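Thanks for asking me to look this one over with you. Here are my notes as numbered points, meant for someone opening the structure for the first time.

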Amino acid sequence: MSLPEHLPAFAELPIQPDAPPHSAWSVFGGEDQIGTLNLLTPARVAAAARLVQRGAVFALNWALELPDPPLFARPALQHTINKRRHNVFDDVYDNFNTQSSSQWDGLTHFGHREHGFYNGVTAEQITGAAGTRNGIEHWARRGIAGRGVLVDFARYAAAHSIAFNPGERWPISAAQIQAAADWQGLRFEVGDILLLRTGWIEWYLELNAEQRTALAQPGAFSACGIEQSEDSLRFLWDTHFAAIASDNPSFEAYPPPPNADGKPGDMLHSTIIGLWGMPIGEMFNLDALAAACVTDGRFECFFTSAPLNKLGGVASPPNALAIR
């Protein structure tokens, strides 16, 4: 589709009077099923490709076996290698939960509690069969490529004596993300793919088996991440990212703060995915990329991702590369 002549600001959402507050429904057309990936125009992809200078490739998928045990009560992958005949093998994955390791949250992963899924899709329309809506196959069949921008909040925090533990609930404000980008000399552009490094994977890899098992118990997980606030939403939308991803398992600080009645509060996921159609990536392995960015002072890359082409898929490993 062609992009609208004017991308509405957060304060201008929604653009349709009958759409939910702060929603981007119909910004890219009422039948759209790829959301903010529409911002990855051919011109922007071509410009991003010109960022490649050294030909260095950084694979951003973490090992499928990690974290171990998986978090949020997700099953562990079971891998069987079958010998077909002499020197011929194939393999089978069982219990393959697409969100147990590095992942894109697709547009059917998280709907708004009251308003449902992106562009008014209902739970009844999510079937995985012919006619299913908002499946990840729409991302897979177009591909994801554009300018990746790394914000290394972990290094920024260390350089500015900001004491935080990636494994504890610690909200990172929009102002802090912008300050970290400014410190790096990074300027955002429309259609960027945000890669936010919190240091969570580096922290996790230092845990022993007993600590990892304890972390995976129900109710035990907590992590740093972007703050649940309107300021965060305004920043993410008004910067006009095509997609956002981090190295932690939730992108946002977890658990969300409780509501006034003491019940669990809403995740930003419900707005970002359900109302905007913006991909959220989690557990992207950004450590080697970050080290390379620090070495040459460039915090941008040509980013590519090929999600699984599965009809009605809810999520997918990103199969992501950063090329510099």
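1. Start with Thr304, whose bridge partner in β13 is Leu321. This pair belongs to the contact between β11 and strand β13 (residues 320–323), which pair in the antiparallel sense over 4 bridges. Please keep in mind throughout that this is a predicted model.

2. Strand β11 (residues 300–305) also pairs with strand β5 (residues 144–152), again in the antiparallel sense, here over 6 bridges. Within that pairing, Val149 has Glu300 of β11 as its bridge partner. Val149 also stands opposite Leu194 in β7, and β5 and β7 run parallel, joined by 5 bridges.

3. Now step back to the whole sheet. It is an open one of 9 strands with mixed pairing, in the order β1-β13-β11-β5-β7-β9-β10-β4-β12. Its edges are β1 and β12 (315–316), and because each has a single partner strand, one side of each is left without a neighbour in the sheet.

4. Helix α9 (residues 287–296) is a good next stop. Its buried residues are Asp287, Leu289, Ala290, Ala292 and Cys293. The cover over these residues includes β1, β5, α3 (153–159), β7 (193–197), α5 (200–205) and β13. After α9 comes Gly297, with a positive phi near 70 degrees.

5. Which residues form salt bridges with Asp296? One is Arg298, with the closest N and O atoms 3.8 Å apart; another is Arg324, where the closest N and O atoms are 2.4 Å apart. The Arg324 pair links distant parts of the chain, since Asp296 sits in helix α9 and Arg324 in the segment after β13, 28 residues apart. Asp296 counts as partly exposed because its relative accessibility is 32%. Arg298, at 15%, counts as buried, and Arg324 is buried too, at 0%.

6. In total, the model has 16 salt bridges. Asp152, Arg155, Arg197, Glu202 and Asp287 are linked in a network of them. Inside this network, the side chains of Arg155 and Asp152 meet at 2.7 Å, N to O. Is each of these two buried or partly exposed? Arg155 has a relative accessible area of 32%, so it is partly exposed, whereas Asp152 is buried, at 0%.

7. Turn next to the nonpolar interior. The largest nonpolar core has 69 residues, and Leu60, Leu195, Leu236, Trp276 and Phe303 touch the most other members. Another core lies apart from it, with 13 residues, among them Trp62, Leu71, Ala223 and Met283. Leaving aside residues up to four places away in sequence, the contacts of Trp276 include Phe10, Leu13, His22, Tyr118, Leu233 and Trp237.

8. On the outside, Leu64, Tyr93, Phe96 and Leu308 make a nonpolar surface patch of about 310 Å². Leu64 lies in the loop between β1 (57–59) and β2 (78–85). Why can Leu64 take part in a surface patch? Patch members need over 30% relative accessible area, and Leu64 is partly exposed, with 31%.

9. One last place to visit is Ser173, in the loop between β6 (171–172) and α4 (174–184). Ser173 counts as buried because its relative accessibility is 17%, under the 20% limit for that label. How far apart are Ser173 and Ile226 in sequence and in space? They are separated by 53 residues in sequence, while their C-alpha atoms are 6.0 Å apart.

Definitions and conventions. Residues are numbered from 1 along each chain as its sequence is written. This is a predicted model: local features need pLDDT of at least 70, side-chain atom pairs count only at pLDDT 80 or more; totals for chains, interfaces and linings use all residues. Side-chain values use heavy atoms; hydrogens and water are left out. Patches are made of residues with over 30% relative accessible area and no salt bridge: like charges are joined within 9 Å, nonpolar side chains (Val, Leu, Ile, Met, Phe, Trp, Tyr) within 5 Å. Accessible areas come from the Shrake-Rupley method with a 1.4 Å probe; for residues, only the protein chains shown count as cover. A salt bridge is a side-chain nitrogen of Lys or Arg within 4 Å of a carboxyl oxygen of Asp or Glu. Helices (H or I, at least four residues) and strands (E, at least two) are DSSP runs, numbered from the N terminus. Buried means under 20% relative accessible area, exposed over 50%, partly exposed in between (1.4 Å probe, protein chains only). A nonpolar core is a set of buried Ala, Val, Leu, Ile, Met, Phe, Trp, Tyr and Cys residues joined through side-chain atoms within 4.5 Å. Contact means heavy atoms within 4.5 Å. Two strands pair if DSSP finds at least two bridges between them.
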